[in-house]
Amino acid sequence: MSENKQFFPRPVIEAGGNRWDWALLPLVLALLVLLAYGAQQMARPFQLGEVIPLSLDPSNLPYYLLRTTLRMFIALAASMLFSCLFAAIAAKYRSAEKVMVPLLDILQSIPILGFLSITVSGFIALFPGNLLGVECAAIFAIFTSQAWNMAFSAYQGFRTVPAELMEAAQVFQLSGWQRFWRLELPFAIPGLLWNMMMSMSGGWFFVVASEAISVSNQNIKLPGIGSYIALAIEARDLSAIGWAIGAMLVGVLLYDQLFFRPLLAWADKFRFEETGSDTAQASWLLTWLRRTEKTQGLVAGFARLLERSFSLFRRSYDGTSIRSRPALPSALPERIWDAVIAAAVFYACWALFHFIHSEVGWSEAARVVVLGLYTLSRVIILIFLAALIWIPIGVWIGLNPRLAERVQAVAQFLAAFPANLMFPVAVVVIVKYHLNPDIWLSPLMILGTQWYLLFNVIAGASTIPTELRYAAKNFGLTGWLKWRRYLLPAIFPSFVTGAITATGGSWNASIVAEYVSWGDTTLQAHGIGSYIAEMTAIGDFPRIALGIGVMSVFVMGFNHFVWRRLYRLAENRLHF
Amino acid sequence: MATPIIELKSVGKSFRAADGTARAALEGVDFTLHEGEIVALLGQSGSGKSTLLRIMAGLIPADGGDVHYRGMPLYGPARSIAMVFQSFALFPWLTVQKNVELGLEAQGVAPEERARRAQAAIELIGLSGFEGALPRELSGGMRQRVGIARALVLEPEVLLMDEAFSALDVLTGEKLREDILALWESGQLPTKAMLVVSHNIEEAVMMADRVLIFASGPGRIRAELPVALARPRAVEGSDVRALIDDVYGQMTAGAARPGRVAEKEAKLQLGDRLPEADVARMEGVLEVLMEEPFKGRADLPKLAEDTELTDNELLHISSALALLGLAQLDRGDMAITPLGEHYVNANNSERQALFGRQVLEHVPLIAYIRHGLEQDPSGDLPRDLFLKLLRFTLNETDAAQALRTAIEWGRYGDVFEYNFNNGVIHLPDEEKLMEE
């Protein structure tokens with residue numbers, strides 16, 4: 001029987017595959033068709049000023065969802081690539097690190113919409129007569145909402161690889177390329193993925209702004225959920241908003257189930273604590289893929305390719321070769337580099353001075369700083385209020401393990417859900433009851449970011465050691481004493497972590513939340529966010545730059561003087 | 001004389017401290033590793049033995065002196081020198097098989113060849129059946145076996161072991177050690193020489209053909225003991241016990257300056273290291289020393305066994321007790337002093353008062369802190385001031401360690417108090433009140 005096989009074409013005999021293969025086949029095919037269609041639509045011809053037909057018919061929503069998802073994916077892939085490159089370069093070259101890390105710190109604090117307004121014309125010029133330019137601008141905006149903290153986490157991962165593992169890599173003669181794939185990247189992956197999920201929420205939030213680009217009186221709406229929402233807001237169509245919310249829920253859910261869960265479950269093996277822990281993520285899709293022969297073959301193929309590259313990029317000499325001889329250490333190049341950096345900083349200061357002096361004027365700059373103070377006070381008050389609400393709730397949930405698990409998942413989901421979909425509702429209410437927008441627009445800033453507080457507090461409360469809980473119960477701690485001596489210190493570190501993320505998000509959200517439209521009605525609160533939004537609508541570049549610059553300074557100052565200190569306090573003293 | 005493999009000539013290494021000045025970690029080390037021998041490096045933590053091992057591994061360059069491998073200068077990790085790590089240093093995301101293959105893969109060995117050689121190493125070290133397991137599924141002993149297989153698969157001439165058994169429990173460590181020695185004796189290992197860094201005296205004596213004892217501050221070789229006993233050696237054998245005693249004696253022989261053998265503890269200076277000994281353990285050891293079967297005088301190895309302390313811990317505690325005049329050290333024995341006896345028989349508050357008097361008298365750092373506090377009108381001083389002072393003579397970790405010990409002893413002896421939250425050392429509250 002077996003000899004006969006040679007007469008048949010090999011694929012017929014050995015095509016094999018198990019039942020999992022057959023079940024997966026339609027899924028893969030459908031996915032490929034969808035991706036091809038979406039990609040084709042992205043690159044169609046387009047002239048500036050042309051209006052892309054969009055409609056509020058809910059039957060279009062699946063298609064819009066596809067387009068939006070595609071953009072998010074491309075941005076995510078780009079962020080991933082960027083993060084790896086950034087981390088590899090910054091971790092390897094000290095002179096590059098000196099510039100790159102502070103730069104990332106600054107980029108992180110620049111509001112996302114700022115990038116869009118500045119870069120869009122450049123991208124359009126890059127692909128004349130094609131929609132791709134506008135697509136690129138939108139993707140870039142999403143990219144900026146994801147890339148920075150992913151890059152930072154990758155860099156942190158690369159820098160914190162345990163010393164003994166690094167030494168093992170050296171002793172066993174791993175080349176830079178081999179070390180990257182075998183040690184540094186795997187070590188950084190769990191953090192990278194976690195930040196990717198966080199970034200994704202940010203991406204959803206800004207999808208509205210990045211798809212409906214209005215800059216220098218150009219109004220381009222790319223087909224997608226974001227544009228659909230923008231259109232619905234212009235048309236004052238509440239039911240369309242309802243449909244959009246539904247579609248968004250589906251989108252977030254699909255992303256979660258088809259992308260992040262499998263990734264997290266897969267990345268479980270990269271966790272560094274060597275003891276097995278039972279908090280492993282489960283994913284039905286990953287299990288399915290792992291049982292499928294064909295996908296396993298694909299994975300094995302990729303692994304082989306990687307291994308072949310290892311033998312290509314290997315160290316050709318060891319420590320006994322003259323080539324390993326260390327070059328005489330010389331401080332001169334480093335000095336020169338420092339001097340170059342210092343010169344660049346001086347030049348930048350001078351240019352900044354000149355810019356403010358001639359383009360916007362000092363009084364304008366002072367006004368923007370005052371507006372920044374308004375927004376700062378909003379952020380502080382809101383974080384405080386949110387803490388007041390969510391700490392007791394979070395602690396209560398966290399101390400009930402079974403409840404915590406479920407609520408945790410919901411809170412993560414809510415954090416991913418773009419809160420700006422709720423903004424029209426707020427406008428309707430404020431207009432109807434003639435409320436003061438300076439006060440009542442503020443809560444919108446924290447609508448989306450408060451969840452970080454909640455799930456960090458839950459996480460903190462659920463990791464309180466059981467013995468400590470028993471001790472507190474045993475000593476009969478009650479009331480304020482119980483909070484002051486036991487619960488608040490116990491959750492403080494995780495609260496700070498959550499609050500850092502939440503404030504960062506709130507600053508970003510202020511651009512959207514302080515300047516809200518519903519049809520022709522535009523509500524505006526005094527603050528630096530509304531200033532930037534307003535200037536973006538007019539297309540006044542010097543003032544956009546001023547607003548963004550001042551906001552970045554505020555964010556960085558706040559991080560440096562408040563959060564970093566609290567974080568260090570938590571790290572040094574309040575942990576188990 | 002056997003062929004030398006690695007030769008070190010007056011090797012020195014210094015690290016840059018936080019304030020920019022250099023601290024010597026190693027000074028003038030001469031050492032040759034020959035073919036066919038196992039050498040153990042013994043020393044207290046921080047004595048620079050790990051630094052020396054890393055210089056031989058090519059992981060850190062020496063500042064001064066020459067490092068030669070087979071007559072060639074060594075600038076980085078060499079292919080035929082492999083290393084086994086204290087914390088195993090396995091890649092947790094790779095299976096046992098892949099971990100073992102790591103070095104071969106890096107050299108570009110073909111997959112089939114790689115798998116075959118890895119399989120052989122895995123079988124040799126007794127890991128068959130675990131090829132597909134992830135390190136986190138394995139116990140500590142099994143993990144270290146993977147670490148050893150990973151090194152052996154490269155057929156290295158020299159195997160460096162950095163405290164390879166110290167992260168394992170005693171039984172597992174002994175078993176693994178015996179297995180390695182059996183392989184070494186049977187000639188199945190491709191390895192021509194082994195260097196074992198350890199702070200376990202028994203381990204060193206059981207394994208090595210030569211034991212080198214390290215002195216600290218800066219690290220250098222204090223003594224060399226040949227071990228001319230046939231393997232396998234029995235722990236309980238009288239010659240082994242005698243050797244262990246000998247090593248203990250050498251290691252407790254005080255901070256001898258080069259060229260001078262000091263049996264009695266040299267007078268402690270303000271900026272010296274302090275032993276890493278907490279008060280509860282010191283009292284515990286003192287009480288055990290007073291009881292049956294020791295009745296005031298004990299052999300240190302026996303005492304280590306009885307108190308279940310590691311050699312390193314016991315050495316710190318015994319030197320602390322000797323420093324405070326509560327016990328005396330004499331060629332690997334510890335004897336309680338009359339003061340020590342008085343101490344054990346006293347009640348808690350008497351003990352604390354006595355302890356306070358002794359630390360003020362014998363520990364210059366504590367006396368100096370107390371002096372500063374008494375002179376200061378507010379009666380308190382920030383801890384960092386003293387840390388900065390210690391950094392002139394000690395490295396970062398040693399300085400922090402010395403101050404930690406000083407603060408603990410000072411607190412227990414009621415010499416001063418320390419507030420962790422604001423980092424301030426102050427006079428005990430009741431004394432402050434009295435002064436006002």
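This tour goes through the two chains of a predicted model, one selection at a time.

**Chain A by its domains**

Begin by colouring chain A according to its domain assignment, which gives domain 1 at residues 59–273, domain 2 at 283–314 and domain 3 at 337–576. If you place a marker at the C-alpha centre of domain 2 of chain A and another at that of domain 3 of chain A, the two markers will be 41 Å apart.

**Two packed helices in chain A**

Next, select helix α3 (residues 61–92) of chain A together with helix α9 (residues 225–234) of chain A, whose axes lie 7 Å apart and make an angle of about 125°. Angles that are neither under 35 degrees, nor over 145, nor between 65 and 115 count as oblique, and α3(A) and α9(A) are therefore described as oblique to each other. To see where they meet, show the side chains of A:Leu61, A:Tyr64, A:Leu65 and A:Thr68 on α3(A), and those of A:Ile225, A:Gly226 and A:Tyr228 on α9(A). Sorted by class, this contact consists of five nonpolar and two polar residues, with no charged residues.

**A mostly covered helix**

Now move along chain A to helix α22 (residues 528–538), which is mostly covered, since eight of its eleven residues are buried. The buried residues to highlight in α22(A) are A:Ile528, A:Gly529, A:Ser530, A:Tyr531, A:Ile532, A:Ala533, A:Met535 and A:Thr536. Just after α22(A) comes A:Gly539, a residue with a positive phi, near 90°.

**Where the chains touch**

Bring chain B back into view and select the contact between the chains, to which chain A and chain B contribute 30 residues each. On the side of chain A that touches chain B, at least two residues come from each of α7 (163–171), α8 (176–211) and α12 (293–312) of chain A, and α7(A) gives the most, with six residues. Colouring this side of chain A by class will show eleven nonpolar, ten polar and nine charged residues.

**Chain B as a whole**

Hide chain A for the moment and look at chain B, which contains 16 helices and 16 strands. The radius of gyration of chain B is 24 Å, close to the 22 Å that the globule rule gives for 436 residues, so chain B is as compact as a globular protein of that length. Along the principal axes, the C-alpha atoms of chain B fill a box of roughly 85 × 50 × 45 Å, and 42% of the 436 residues of the chain are buried.

**Domains of chain B**

Colour chain B by its assigned domains, namely domain 1 (4–251), domain 2 (260–345) and domain 3 (355–435). Between the C-alpha centres of domain 1 and domain 2 of chain B there are 30 Å, and the contact of these two domains joins twelve residues of domain 1 to ten residues of domain 2. On the domain 1 side of that contact, helix α7 (residues 238–251) of chain B gives the most, with six residues.

**A crossing in chain B**

Finally, select helix α8 (residues 279–290) and helix α10 (residues 311–323) of chain B, whose axes come within 10 Å and cross at roughly 85°. Since angles of 65 to 115 degrees count as roughly perpendicular, α8(B) and α10(B) are therefore roughly perpendicular to each other. Show B:Arg281, B:Met282, B:Val285 and B:Leu286 of α8(B) with B:Ile317, B:Ala320 and B:Leu321 of α10(B), the residues that make the contact; by class they are six nonpolar, no polar and one charged.

Terms used
Residues numbered from 1 in each chain as written. Chains lettered and ligands numbered in written order. Predicted model: local features only at pLDDT ≥ 70, side-chain atom pairs only at ≥ 80, totals over all residues. Domains from an automatic or database assignment. Contact = placed C-beta atoms within 7 Å. Helix = DSSP H or I, 4+ residues; strand = E, 2+ residues; numbered from the N terminus. Nonpolar A, V, L, I, M, F, W, Y, C, P; charged D, E, K, R; others polar. Rg over C-alpha atoms; globule rule 2.2 N^0.38 Å. Buried ≥ 20, exposed ≤ 12 C-beta atoms within 10 Å, placed from the backbone. Axes fitted to C-alpha atoms, helices over the stretch in contact; angles between N-to-C directions.
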